[in-house]
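Please look over the chain shown below before reading on. The report that follows goes from one polar contact to the strands and then to the nonpolar cores.

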Amino acid sequence: MNVVAGTDFFTVEVLKWRGLVTYYVLFFLHLETRRITIAGITRHPDEEWMKQIARTATQESWGYLNRCRYVLHDRDTTFCAAFRSALQAAGVEPIMLPANSPNLNAYAERWVRSVKQECLSKLVLFGEGPLQRTLTEYAAHYHRERNHQGKGNQLLTLRALSKGQKIHCHQRLGGLLKFYARAA
């Protein structure tokens, strides 16, 4: 699982002056570490955008797929040939999953459920900027402060805690996301 990542889209409705606008959020999830990377947010995920995302994701020194050899994705037509060939050019093999098989990319599907249920369904967002900020804050919460059952109820990024200190509540997004830890 160390060399496999999953990718998928989910949509978010954002309120603008002219009404609701649908944004598409593309993310990558490293299967072993469960590390999430928001690859991009757009209203229209076209071929050029997808190709640029693939190039960015596979940058040799800092790309978030530079240690992965395989990327799982569904049969969404947005995962076009240009996206797959850009991944292959960087040595990452895209694996298209069979139709009607959400369990084959279960970690990615579960992350979508978590972000929507724990965060996005409780907010009214006014524009792309607040959506980006909300997803950044949730990803930080997901990585540093949220327990993960699949990892033995541990945090993805462990912190050393010492006994005898007072407990403090850390909040994100105005108190929507909370984390309790011993004070430093």
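Which side chain has a polar atom 2.8 Å from the backbone nitrogen of Ile36? It is the side chain of His143, and the pair falls under the definition of a polar contact (N or O atoms within 3.5 Å; within protein, one must be able to donate a hydrogen and the other to accept it, and residues adjacent in sequence count only if both atoms are side-chain atoms). This is a predicted model, in which local features need pLDDT of at least 70 and side-chain atom pairs count only at pLDDT 80 or more, while totals for chains, interfaces and linings use all residues. Residues are numbered from 1 along each chain as its sequence is written, and side-chain values use heavy atoms, with hydrogens and water left out.

His143 belongs to helix 4, which covers residues 128–144; helices (H or I, at least four residues) and strands (E, at least two) are DSSP runs numbered from the N terminus. Three residues listed here are buried, a word that stands for under 20% relative accessible area, with a 1.4 Å probe and protein chains only.

| Residue | Relative accessible area |
|---|---|
| Cys68 | 6% |
| Cys80 | 13% |
| His143 | 6% |

Although these cysteines are buried, the structure holds zero disulfides, a disulfide being a pair of cysteine sulfur atoms within 2.5 Å.

Strand 1 (residues 4–16) pairs with two other strands, where pairing requires that DSSP finds at least two bridges. With strand 2 (residues 19–30) the sense is antiparallel and there are 12 bridges, and a hairpin of two residues connects strand 1 to strand 2. With strand 4 (residues 70–73) strand 1 runs parallel, and three bridges join them. Ala5 takes part in both pairings, since its bridge partner is His30 in strand 2 and Val71 in strand 4.

The largest nonpolar core (buried Ala, Val, Leu, Ile, Met, Phe, Trp, Tyr and Cys residues joined through side-chain atoms within 4.5 Å) has 27 residues, and those touching the most other members are Phe10, Val12, Phe27, Trp111, Leu120, Leu131 and Leu135. Two or more residues come from each of strand 1, strand 2, strand 3 (36–42), helix 3 (106–118) and helix 4, and strand 2 gives the most, with five. Leaving aside residues up to four places away in sequence, Leu131 touches Val12, Val14, Tyr23, Ile41, Leu120 and Leu125, where contact means heavy atoms within 4.5 Å. A second, separate core holds 20 residues, including Ala5, Ala39, Cys80 and Phe83.

Methods
Buried < 20%, exposed > 50% of the residue type's maximum accessible area, 1.4 Å probe, protein only.
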